[in-house]
Every structure is written in C-alpha cells, then in structure tokens.
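User: I would like to go through this model by way of a few questions about its cores, its helices and its surface.
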Amino acid sequence: MATFLHRIGRFAFGRRWLVVLLWAVVLGAVGAVAAGTTNTASSNFSLPGTESQRAFDLLAEKFPAANAEGASARVVVRAPQGERVDGGANRTAMEKVLAELKDSSSRVAQVSDPFAARTVSEDGVTAYAQITYTVGAADLTDADHTGIDKALDTGRDQGLTVEASGDALAQPEQGMAAEAIGFLLAALVLVITFGSLVAAGFPLLTALTGVGVSTSLITAVSATFELDSSTSALASMLGIAVGIDYALFIVSRYRAERADGYDAKEAAARANGTAGSAVVFAGVTVIIALAGLAVVNLPLLTAMGLAAAGAVVIAVLVAITLVPALLSFGSERVLGRARKRGGAAAPAKTVNGAPKVTVGRRWITLVMRRPAAVLILAVVALGTLALPAADLKLGLPDDGSAAPSSTQRKAYDLLSESFGPGFNGPLIVTVDDKTPATASAAATSLGKDIKALPDVKSVSPAAFNKAGDTGIINVVPGSGPTTDATKDLVADIRALAATSQDANGARAMVTGTTALNIDVSDKFSAAIVPYLVLVVGLAFLVLILVFRSILVPVKAALGFLLSVLASLGSLVAVFQWGWLKDLFGLEQPGPIMSLMPILLVGIVFGLAMDYQVFLVTRMREAYVHGADPRTAIETGFRHSAKVVTAAALIMISVFAGFIGAQEAIIKALGFALAVAVALDAFVVRMTIVPAVLTLLGKHAWSLPRWIDRILPEVDIEGEKLARRDPEAAAEPFPDAEPQLSGRR
C-alpha cells in the first residue's frame with residue numbers, strides 16, 4: 001500500500017496541472033448537472049417490513065383519493081375567553097378566515113367547514129379546519145405561504161386565537177451562517193497548527209473540492225433515489241470534516257519528511273505513502289460503518305449512510321491525489337516561516353541546552369508514569385457522562401416537539417387542550433378481506449372490542465372503500481402520542497387484531513404516526529446488535545490487518561463504546577432533559593429522534609477508528625523500526641499528538657457549526673458528533689490508548705503466527721520505503737515537470 005501510494009504521490013506531484021485539471025473537470029461536470037436539475041429533496045418516509053407501513057401501503061391502494069400527495073394544513077381557531085366560536089361575531093370572523101383561505105391560492109383544493117364536519121370541541125370554544133392543496137408541499141410558492149399567513153392574521157385581528165400546522169406552512173430558512181463559522185474556526189486551527197496560510201489553505205481547498213463533488217452528485221440524483229434533505233447535510237458535514245483532516249495528515253507528514261532532509265518531490269511521495277496509507281485505511285473504516293447502516297433496511301437511513309460513505313470515498317481520493325499536486329505549487333511556502341529554505345526544520349527549541357518540554361510531552365509522560373490510575377479515572381469520567389443514556393427515550397419529531405413560539409406548537413397545544421391529549425396522535429386501524437361481508441363484520445366486532453380497552457377516548461364507525469373490502473377505524477387514545485399508555489394501547493389493539501383474524505380470517509392492522517413511531521423504535525432496537533456485529537466485525541478485521549495485532553483492535557472497539565455511550569448520555573442530558581438548552585439554542589427538549597442512536601453509532605465508530613489509525617500507526621511505525629514498546633508509544637505520541645489535536649479541533653468546529661441548523665436531526669447530530677469527537681480524541685485515543693498500551697507492553701503488538709502467515713502485507717508504516725534509497729527510486733510514471741524536484 002505504501003509503495004503504491006508513494007507512486008501516486010510522485011505522479012501527482014510531477015503532473016500537478018493534469019491532476020488539478022481532472023478534478024476541476026469532475027467538479028464542473030457534476031456541478032453543471034446539479035445546477036440543471038429541477039429535482040427536489042424527497043420528504044417520503046417509509047419503514048419496510050413493519051405493520052404500520054403495510055397498513056399505509058394498503059390505504060394508498062384502497063383509498064387513493066385520501067392518500068393524495070397534495071400538501072395540507074390544519075387551522076385551529078379558539079374564541080376569546082368566556083365565548084364560543086359559534087357565537088355571532090366569532091362565527092362571522094371564522095367564516096371570513098375560511099373564505100380568505102380558499103382565496104389564498106389557486107392551488108387550494110378544499111377548505112373544510114368546522115361546523116359541517118363537526119370539528120368543534122364539546123365546549124364550543126375551539127374548532128379546526130382542514131386545508132388541502134392540489135400540489136405537494138415542495139411545489140408551494142412564497143405567495144401560497146403568504147396567503148395562509150394573511151388569513152391567520154385576519155382572524156387574529158378579529159380577536160380570535162388562530163394557529164396552524166401542517167406541511168403546507170413555510171419552513172424556516174436553512175441558513176449557512178453556523179456552518180460558515182465552523183469552517184472559519186477550522187481555518188483558524190489550521191493556521192495556528194501550521195504557521196502558514198498556504199499550508200492551512202491546502203486542506204480547506206481540497207475539502208471544499210471533495211464536498212462540492214459529493215453534494216453535487218447527491219443533488220443530481222436526489223429525486224431518482226428519493227433522497228431526504230438531511231442526506232445532503234450529513235454528507236456535507238462529514239465531507240468537510242474528514243476532507244480537512246485527511247489533507248491535514250498528509251501535509252503535516254510532508255513537512256516532517258522535509259525536516260528529515262528529503263527534497264520536495266520525494267517528501268510528498270513519502271507523505272502520501274505513509275500518512276496516505278493511514279488515510280486510506282481510516283477512510284475504509286468510516287465507509288464500512290456508514291455503508292453498514294443499510295442493514296437496518298430503512299430507506300432514509302440507507303440513503304444517508306451510502307451518501308455519506310460516498311462523500312468519504314471522494315475525500316480519500318482527493319487527499320491522495322490532489323494534495324500531492326497542490327504541494328508542488330507551494331512546496332516551500334507550505335513549510336512556514338520557521339523552516340529553512342532547504343526544507344530542514346528550524347532548530348528545536350531548547351531550555352538550558354535540553355529540548356523544551358511541550359504540553360504533549362508532559363501529558364504522555366504523566367499517562368505512562370501512572371497508566372492504571374489514568375485509565376481508571378478516564379473510564380469513570382466517561383461512565384459518568386454515559387449515565388443519562390439509561391433514560392433515553394426515542395421518538396419521531398412532530399409538532400409537539402416544535403419550538404413553543406412556533407404556530408405549529410401552539411396549534412398542537414390548542415388541539416390537545418380542547419380535544420384531548422390523544423387527538424394529536426390518532427391510531428388508524430385497517431380491516432380488509434376479499435369478501436366485503438366478512439370485512440364489514442370483522443370491522444364492527446373489532447370496533448366494539450377496541451372501545452372496551454382502557455385509555456380509549458373514542459372509536460369511529462368503520463368507513464369502507466367503494467369495493468367494500470377495506471375499512472378504516474379511527475381510534476383516539478386518551479393519552480398523548482409519546483406516552484407509555486398509548487404504546488400499550490397499540491400493543492393491545494394489535495393483539496385484538498390477531499385474535500380477530502384467527503376468528504374470521506379478516507386482516508386487521510394498526511398504523512398512523514404514533515404506531516409508525518413505535519415500529520421505528522422497535523426496528524432500530526432489533527437492528528442495533530446485528531449492525532454492531534457487522535460493522536465492528538469488519539472493522540476489527542481491517543484493524544488486525546493494519547496493526548498486525550489482536551489486542552489493539554479490541555482496545556479500539558472498547559474505547560469506541562465508551563465514546564458513543566458518553567456522547568449519547570450528553571445528548572440525552574441536553575436535548576431530552578433540557579440541561580444547558582439555551583446555550584445550544586434548543587427551544588424545546590423532547591424525545592431523541594429514533595434513528596439517532598444507530599446513526600450516531602455508525603458515524604462515531606468510523607471517526608473513532610480514524611484517530612485510532614492516525615495515532616497508533618505512528619506508534620507501531622516506531623516499534624516496527626526498532627523502538628522498545630514504551631519508546632514507541634512516546635515517539636508516536638510526540639509525532640502525532642499535535643496533528644491529532646488539530647484534526648479533532650477541526651472536526652469539533654465543523655460539527656458544532658451544525659448545531660445552528662433548523663432541522664432537529666442535524667442539530668442534534670451536530671452536537672452529539674462534536675461531543676463524541678472531543679471525548680474520543682482527547683479522552684479515549686490520547687489518554688486511554690497510551691495508558692492501555694503502556695500496561696500491555698510488547699504484548700500489544702503480538703499476533704499469533706498462524707494469523708500473521710495468512711494476512712497480506714499492507715505496509716502501512718512505510719517499512720519498505722524506509723529501506724529504499726529515495727534518489728534511486730524507480731520512476732513509475734513520466735514526470736511532466738521534472739525540474740520541480742530540483743528547484744524545490
């Protein structure tokens with residue numbers, strides 16, 4: 001691997017214009033395709049293999065009109081205190097609002113009359129109207145949204161309380177200010193790390209190139225593969241973070257090779273062969289973790305995982321090709337002012353003739369002096385942070401989790417107060433059979449049985465399709481959508497449905513948003529163990545191949561578990577319990593989105609292995625080249641600690657920038673990833689890892705002979721490069737600009 005990437009590095013350095021041109025062409029081509037597409041991100045959510053999804057599919061087939069894809073909104077009207085909505089002036093005002101809603105857009109298909117539809121509360125204080133459109137939510141214009149807002153203001157001007165919810169309402173703008181701040185912070189970290197604007201600029205440029213290619217590809221195929229808007233956001237988040245980090249490691253190694261006396265071209269090639277090998281294997285672990293999300297069999301999660309994995313693939317390709325090419329443009333300036341013209345490093349800082357003791361050297365000395373105490377303290381700290389994860393509650397976002405100041409949340413609260421807490425989470429029970437008479441009898445019997453269940457507020461008579469073979473029973477729970485009582489009610493209804501089917505043969509299923517939420521949680525709970533086995537197992541094999549060790553991969557996996565549990569605990573404390581919520585701009589705490597744990601596990605595992613590979617590779621490199629175990633740990637830490645610290649700070653900055661996003665999943669994911677990277681890089685990889693390696697000694701690098709014989713030699717440490725004479729290296733590709741090496 002090191003030799004192959006060494007050749008790529010020499011080729012890219014020698015033919016810099018060709019490499020730059022090729023990436024420019026790729027970026028321009030995919031950018032043009034993306035700009036020319038009129039596709040919009042999909043908002044469809046499906047959960048294959050679950051009862052709620054099968055029921056939804058049945059409704060779409062049997063009740064096509066009721067399952068139209070047009071946008072909808074629900075307008076809730078409440079009379080002033082002590083009055084009724086059907087009172088003279090209030091009724092007139094509400095009718096004016098309804099008339100204005102009908103005239104608000106030519107795309108309005110229907111506006112229901114609350115009095116005709118009997119959608120007025122028992123006390124007559126609150127009523128709601130349903131608005132449907134002839135087009136989907138993505139096709140509504142600003143004028144359509146403005147029309148709704150004006151109608152709501154009309155009712156408010158008449159003294160009514162008027163709020164609305166639904167996908168027809170305008171969504172908050174997804175600003176890029178927070179992401180830009182994260183990118184600027186990353187740039188600042190790079191400048192401080194390298195002491196050179198040129199050296200800092202290369203990782204930023206390559207990261208933007210990779211993200212530009214990946215997001216353009218996602219945009220171009222978004223409609224074809226029904227990609228959600230979160231897909232592009234996740235790919236951008238990871239693409240920027242790993243793109244900067246991968247380039248950072250190669251540029252940093254280039255500077256180290258120059259300090260060792262190699263000319264610019266050979267230094268770039270060796271950096272690509274050593275740090276580039278670490279980039280490739282680190283990227284492979286991230287890709288495995290992200291692509292492995294497909295085992296959950298949730299289309300949204302699969303799309304997010306594969307798109308993010310694709311962004312990482314592009315980031316790796318950019319790092320091992322474009323970075324060496326860019327180094328040839330600024331081979332001296334990338335060294336910084338502290339470097340001598342010939343590429344050698346400036347003399348090391350000394351105190352009274354001895355090398356200056358840096359923070360990193362002090363830290364590794366402390367860890368290696370008291371490894372057991374440091375290990376115990378770090379594990380206890382992470383375990384404490386993980387404790388809130390025991391109270392993790394999962395759910396899908398709805399208007400109940402919206403900001404209290406939003407009209408959606410106000411409408412949700414009005415309906416809950418006037419129609420009961422279960423009104424916002426109704427259950428839909430479908431009953432179908434080939435014989436209409438059987439379906440009708442089964443629906444009638446099942447409806448009576450459901451009425452007798454506890455925590456049921458109302459059960460509507462079954463409504464059948466034209467063929468009479470499928471009926472719908474609407475059930476309003478007595479408790480809220482996210483309560484345990486409602487979850488128990490869904491289980492009870494499904495038990496009744498199974499008994500009914502055994503008795504008369506008619507199939508009955510429960511669906512609706514609440515049932516779907518329950519099925520999502522159950523599906524993720526069932527998938528987490530197979531996912532962990534698959535991802536950790538495959539990555540374990542990759543790490544055995546990289547480190548030629550059994551204990552090092554085991555330690556890496558256990559450290560990952562500590563990181564992800566601590567980050568989950570932090571996520572629960574802030575986003576579910578509401579601790580420090582104002583600091584992070586969170587208006588409404590609530591359940592954690594159902595797909596968050598498994599998505600967090602996949603991403604954190606990949607990133608954790610990134611730092612494992614980058615940090616421990618330098619330690620193993622020193623060990624392979626003859627250092628004793630303790631010296632290898634200290635040498636590897638000294639060479640990589642500063643770069644790993646910078647890489648972690650960059651990732652934290654990028655991820656933290658997404659905390660300002662409007663989408664709940666991206667906001668929470670940005671927070672969780674920023675915390676996870678901080679804990680994994682500084683507590684696990686730079687504290688627990690050297691402590692454990694110190695305790696293990698030479699046993700850390702041992703591998704049974706029979707395994708060693710069957711494993712291929714990947715030479716990630718560049719041992720073959722260390723044995724060769726760089727000046728006598730065979731030229732694998734013709735150089736377009738041979739003078740660069742001599743000149744630089």
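Analyst: Contact here means heavy atoms within 4.5 Å, and the model under discussion is a predicted one.

User: Which residues does phenylalanine 655 touch, not counting residues up to four places away in sequence?
Analyst: Phe655 is, with Tyr246 and Leu599, among the residues that touch the most other members of the largest nonpolar core, which has 158 residues. Leaving out residues up to four places away in sequence, the contacts of phenylalanine 655 are Met237, Leu238, Ala241, Leu607, Gly670, Leu673, Ala674 and Val677.

User: Which helix gives the largest share of the largest nonpolar core?
Analyst: That core comprises 158 residues. Its largest share amounts to 19 residues, and these come from the helix spanning residues 664-696, α21.

User: Is leucine 185 buried, partly exposed or exposed?
Analyst: Leucine 185 belongs to helix α7, residues 177-194, and joins Ile181, Leu188 and Ile192 in a nonpolar surface patch with about 400 Å² of accessible area together. Because its relative accessible area is 41%, and values between 20% and 50% count as neither buried nor exposed, leucine 185 is partly exposed.

User: How many of the 26 residues of α18 are buried?
Analyst: Helix α18 covers residues 551-576 and reaches 37 Å from its first C-alpha to its last, close to the 38 Å expected at 1.5 Å a residue. The helix is followed by glycine 578, with a positive phi near 90°. α18 is largely enclosed by the rest of the structure, because the number of its residues that are buried is 20.

Terms used: Residues are numbered from 1 along each chain as its sequence is written. This is a predicted model: local features need pLDDT of at least 70, side-chain atom pairs count only at pLDDT 80 or more; totals for chains, interfaces and linings use all residues. Side-chain values use heavy atoms; hydrogens and water are left out. Patches are made of residues with over 30% relative accessible area and no salt bridge: like charges are joined within 9 Å, nonpolar side chains (Val, Leu, Ile, Met, Phe, Trp, Tyr) within 5 Å. Accessible areas come from the Shrake-Rupley method with a 1.4 Å probe; for residues, only the protein chains shown count as cover. A salt bridge is a side-chain nitrogen of Lys or Arg within 4 Å of a carboxyl oxygen of Asp or Glu. Helices (H or I, at least four residues) and strands (E, at least two) are DSSP runs, numbered from the N terminus. Buried means under 20% relative accessible area, exposed over 50%, partly exposed in between (1.4 Å probe, protein chains only). A nonpolar core is a set of buried Ala, Val, Leu, Ile, Met, Phe, Trp, Tyr and Cys residues joined through side-chain atoms within 4.5 Å. The expected span of a helix is 1.5 Å times one less than its number of residues.
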